[in-house]
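Q: Please take one part of this model and go through it closely. I would like to know how it is covered, what it pairs with and which charged contacts it makes.

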Amino acid sequence: MGAGVGCPREGKVYAGNLNVAAKRAREILYGKLKLGEVVDWATTFSLWPVHLMTSCCGAEFAATWSPRFDAEQYGALPWISPRQTNFIIIEGTVTRKMACALRVTYEQMVHPKFVIAMGACALDGGLFYNSYNVVKPWEVVPVDIYIAGCPPPPEALAKAILDLRKKIREKKMASRWLTEGWREDREYLVPKEDVCRWWRP
Amino acid sequence: MSLQALAEVIKERLGTLAKEVRIAKGHVEIVTEGGRLTEAARALKEMGFDHVKSVTAVDYPKEGKIRVTYHVSSYLKEDLSKYIVGLSVDVPRDNPIVETLVPLWNSAEFFEREVFEFFGVHFKGHPDLRPLLLIPELAEKRVLRKDFVVREEGIYEGVPHEYK
Ligand code: SF4
């Protein structure tokens, strides 16, 4: 704490001293984990959600990254450009026109990529279960985690990010995507319906 | 100016252009006939109503008509800016064509596109009449007309008889 005093926490992992942190991380990881596991471990700390706000759940998404709930502590930072992100949170209802935007955004993200579907609307339509203009996100992109609620509270979204991190490490989602190029739970990566058909000139 | 006074002024100004001028809940409602919509709108514009707040439509399947309503108000005239005036026109349901008001009020452009896609009302002379929110296949089904049926869950099946 006091300046000038020999730091009592020398050798622990903390962000203030990058050299010490790197040395310590190497001690923990080197020779103990397989390369794939290191990839999975590292991916859990660099989830970059793209900000594609499709509906009102976006307000809770914003609250999750506000100082009070601070989801950045889980290593996830929202970013605007899909080309530099690997993680998409579907924030609520997806209309037919937004389904195309969702698919195009998903295609642009870098591998390995993950999807969280947020809210009752993303599960089965929610309030708009019988609407003519709503599509279910699981018909458009493969979803890893669903969150129930209308809207789900920020805590639920933070929990979902933690669950996703657990899933990435347990199921080796990142490393298997890199080594095998596919995942067996991703059999239908391409939606059956052409979601962008209205857009063709 | 009170709402009553505004209604009087409008009645005087429009004369025979308006079939009916009445005070609805908090706003003045004018009904015109098909061919006189543009003239009535021009008269309103000369009074100082300078923008369209919304364009909407109501479907009356039994009477076989669709009523298209323009809600207009004013930004620049202070005494008019407190009020909203609804300018309505009835068109036949099987062939709904309305003269566009975009040349008069620019802000009507997107609203007319919405009414076009949801009710199938054609606006003659509109600069860019394409569906706005819906995909074209859906827009062809005229989804906000009363005869478009959406899927319903049988959640009311257990309702007792006396409440039916
Ligand atoms: S689940 Fe509720 S809050 Fe979320 S998008 Fe649907 S209606 Fe909005």
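**A close look at strand 4 of chain B**

A: Start with a neighbour: B:Asp90 is partly exposed, because its relative accessible area is 21%. Here buried means under 20% relative accessible area, exposed means over 50%, and partly exposed lies in between (1.4 Å probe, protein chains only). This is a predicted model, so local features need pLDDT of at least 70 and side-chain atom pairs count only at pLDDT 80 or more, while totals for chains, interfaces and linings use all residues. Residues are numbered from 1 along each chain as its sequence is written, chains are lettered from A and ligands numbered from 1 in the order in which they are written, and side-chain values use heavy atoms, without hydrogens or water.

Now the strand itself. Strand 4 of chain B spans residues 65-73, and 9 of its 9 residues are buried. Strands are DSSP runs of E with at least two residues, helices are runs of H or I with at least four, and both are numbered from the N terminus. In a regular strand, side chains alternate between the two faces of the sheet. Here B:Lys65, B:Arg67, B:Thr69, B:His71 and B:Ser73 point one way. B:Ile66, B:Val68, B:Tyr70 and B:Val72 point the other way.

Next, its partners. Two strands pair if DSSP finds at least two bridges between them. Strand 3 (residues 51-60) runs antiparallel to strand 4, with 9 bridges joining them. One of the bridge pairs is B:Val55 with B:Tyr70. These two strands form a hairpin with 4 residues between them, and B:Gly64 in the turn has a positive phi of about 70°. Strand 5 (residues 85-92) also pairs with strand 4 in the antiparallel sense, over 8 bridges. There, B:His71 has B:Gly86 as its bridge partner.

Finally, the charges. A salt bridge is a side-chain nitrogen of Lys or Arg within 4 Å of a carboxyl oxygen of Asp or Glu. B:Asp90 forms one with B:Lys65, and their closest N and O atoms are 3.5 Å apart. B:Asp90 lies in strand 5 and B:Lys65 in strand 4, so the pair ties together parts 25 residues apart in sequence. B:Lys65 counts as buried, because its relative accessibility is 17%. The contact does not stand alone: B:Glu20, B:Arg22, B:Glu29, B:Glu63, B:Lys65, B:Arg67 and B:Asp90 are linked in a network of salt bridges. Within it, B:Glu20 meets B:Arg22, with the closest N and O atoms 3.2 Å apart.
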